[in-house]
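I opened my notebook for a look at helix packing, salt bridges and a few single residues. Here is what I looked up, entry by entry.

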Amino acid sequence: MTRNTINPFEYGGVVAGNAFCNRAKEKADLARAIRNHEKLFVFSERRFGKTSLVQAVLAGLSKKTAVCAYIDLWPADNETAFMTAVAKAITHSMSSSVGKLLETGKSLFSNLAPSVTIDREGKPEVNFGISGHVRLAPALDEVLETPAKIAAKHDRYVAIVFDEFQQVLEYGSDRVEKKLRSVIQNHREVAYLFLGSRRHLIQKMFMDRSRPLYRAGGHYPLGPIGEEHWIPFIRERFAAAGKKISNGLIHSICEQTQGHPFYTQHLCHAIWELCEPGAAVTELMVKQALQLLLQREGYAYSTLWESLAMNQRKFLKGLAGEAAPVKPFAGEFVRRSGLGSPSNAQRAVESLLDKDVIDRENGSFLITDRFFRLWIQTVQLP
């Protein structure tokens with residue numbers, strides 16, 4: 001029997017196909033939302049697989065029945081970059097050849113100047129520039145009104161996906177948010193998905209009454225993957241290479257990673273490398289794999305730790321040392337953590353949220369980097 005010799009556990013990029021674990025319900029929910037022209041804010045921690053999830057949903061939609069534009073806003077650090085990123089994604093969703101890309105770009109966006117280049121893979125890529133005489137507001141209006149025009153002209157579903165949507169908070173004004181509010185209210189035949197990986201920022205955008213997008217759409221929090229889904233996924237991938245792993249050890253892995261997709265796949269990747277074909281994973285292998293990963297990240301974690309104020313360190317120690325969710329401002333937690341007072345805990349929380357070291361979780365907080373949490377338990381706790 002031919003055994004799989006390629007490590008089946010993928011992490012760090014977009015995960016697709018057999019490397020993607022479960023999310024069957026989430027895929028069905030989001031596909032239904034697109035068909036129903038819904039407006040959804042999809043949010044979770046970083047590295048939770050939002051991009052992989054949404055791209056899997058979009059890949060499952062036929063180009064004959066759907067126009068889907070995926071816009072990664074992470075590099076878009078101002079309104080102009082936002083506008084050209086949206087125009088580029090919409091144009092690519094409509095065309096693929098060099099001639100068609102240029103023609104589509106010109107016909108859809110008269111305020112912008114499209115050009116086509118060939119990327120490293122030999123594929124055509126459209127880009128947009130803005131000349132000095134073009135005013136930003138009318139150009140932004142044109143770009144954001146385009147999805148509704150496409151929906152009216154073509155008998156297809158239209159879906160616009162904004163990834164890392166919290167980036168618009170960095171633009172220095174709320175013009176993009178205000179325009180999107182109008183768009184969401186009036187584009188009844190267009191689905192909009194807003195993805196965010198800093199939950200407290202995304203929640204602020206649609207839960208704060210002072211923000212333009214307050215209650216502008218539904219919210220769809222993405223949680224960890226349940227152990228009942230990890231067990232068959234992990235076991236089958238070890239078995240395909242002639243390796244065995246027990247349900248008990250998979251449970252131990254899930255406990256340490258808290259079901260977080262990135263850290264679970266990463267740890268399984270390291271364990272898979274340590275286990276020889278025909279052998280069974282042992283508890284020692286799991287410990288060795290985790291120790292290896294923590295050693296690799298040790299310098300980065302030490303540097304981060306040294307940059308934190310004393311009360312921030314105390315708060316993180318308290319958080320890492322508790323198995324169950326904590327009440328971070330309660331007297332008992334404050335006393336055990338040596339924080340002195342609830343106000344000290346509050347200041348530590350605010351700073352750690354700003355640094356993206358922690359995130360909110362069901363009335364409590366969690367350390368976003370699961371390996372950093374384990375590093376604190378291993379290195380910093382007595």
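**Entry 1: two helix crossings**

I started with α1 and helix α2 (residues 50-59), which pack at an angle of about 60° with their axes 9 Å apart. This is a predicted model, so I am reading computed geometry throughout. At that angle α1 is oblique to α2, and I noted that their crossing is right-handed.

Which residues make the contact? From α1 I listed Glu26, Lys27, Leu30, Ala31 and Ile34, and from α2 Leu53, Val54, Ala56, Val57 and Leu58. Sorted by class, the contact of α1 with α2 has eight nonpolar residues, two charged ones and no polar ones.

Next I turned to helix α3 (residues 79-94) and helix α4 (residues 98-108), whose axes come within 9 Å and cross at roughly 125°. That angle makes α3 oblique to α4, and the crossing is right-handed. On the α3 side I found Ile90, Thr91, His92 and Met94 in the contact, and on the α4 side Leu101, Thr104, Gly105 and Leu108. The class tally for α3 with α4 is four nonpolar, four polar and no charged residues.

**Entry 2: two residues I followed up**

I wanted to see what surrounds Thr146, which sits in helix α5 (residues 136-153). Is Thr146 buried or exposed? With a relative accessible area of 1%, Thr146 is buried. Setting aside residues up to four places away in sequence, Thr146 touches Ile90, Leu108 and Phe109. I had already met two of these names, since Ile90 of α3 and Leu108 of α4 take part in the contact between those helices.

Then I went to Leu61, in the loop between α2 and β2 (66-72). Leu61 counts as buried at 17% relative accessibility, because the cut-off for buried is under 20%. Apart from neighbours within four places in sequence, Leu61 is in contact with Ile34, Ala66 and Cys68. Ile34 is also one of the α1 residues that meet α2. I looked up one C-alpha separation as well: Leu61 and Ala31 lie 30 residues apart along the chain, with 8.1 Å between their C-alpha atoms.

**Entry 3: salt bridges**

How many salt bridges are there? The count comes to 18. Side chains of opposite charge can pair when their charged atoms come close. I picked three pairs to look at.

The first pair is Asp29 and Lys25, whose side chains meet in a salt bridge with an N to O distance of 2.7 Å. Why can these two reach each other along the helix? Asp29 and Lys25 are four residues apart in helix α1 (residues 24-35), so about one helical turn separates them. I also checked their surroundings: Asp29 is buried at a relative accessible area of 15%, whereas Lys25 is exposed at 57%.

The second pair is Lys287 with Glu283, where the closest N and O atoms are 3.8 Å apart. Both residues belong to helix α11 (residues 283-307) and are four residues apart, about one turn of the helix. Lys287 counts as exposed at 53% relative accessibility, and Glu283 is exposed with a relative accessible area of 53%.

The third pair is Arg336 with Glu322, with 2.6 Å between the closest N and O atoms. Arg336 lies in helix α13 (residues 331-337) and Glu322 in the loop between α12 (310-320) and α13, so this pair ties together parts that are 14 residues apart in sequence. Arg336 counts as partly exposed at 45% relative accessibility, and Glu322 is partly exposed too, with a relative accessible area of 24%. I followed this pair outward and found a network of salt bridges that links Glu322, Glu332, Arg335 and Arg336.

**Entry 4: what covers α12**

Last, I asked which residues of α12 are buried. My list reads Gln312, Phe315, Leu316, Gly318, Leu319 and Ala320. What covers them includes the helices α11, α13, α14 (342-354) and α15 (370-380), along with the strands β8 (358-361) and β9 (364-367). Two of those helices were already in my notes: α11 holds Lys287 and Glu283, and α13 holds Arg336.

Definitions and conventions: Residues numbered from 1 in each chain as written. Predicted model: local features only at pLDDT ≥ 70, side-chain atom pairs only at ≥ 80, totals over all residues. Heavy atoms only, no water. Salt bridge = Lys/Arg side-chain N within 4 Å of Asp/Glu carboxyl O. Buried < 20%, exposed > 50% of the residue type's maximum accessible area, 1.4 Å probe, protein only. Axes fitted to C-alpha atoms, helices over the stretch in contact; angles between N-to-C directions. Parallel < 35°, antiparallel > 145°, perpendicular 65-115°, else oblique. Left-handed = near helix turned anticlockwise from the far one by under 90°. Contact = heavy atoms within 4.5 Å. Nonpolar A, V, L, I, M, F, W, Y, C, P; charged D, E, K, R; others polar.
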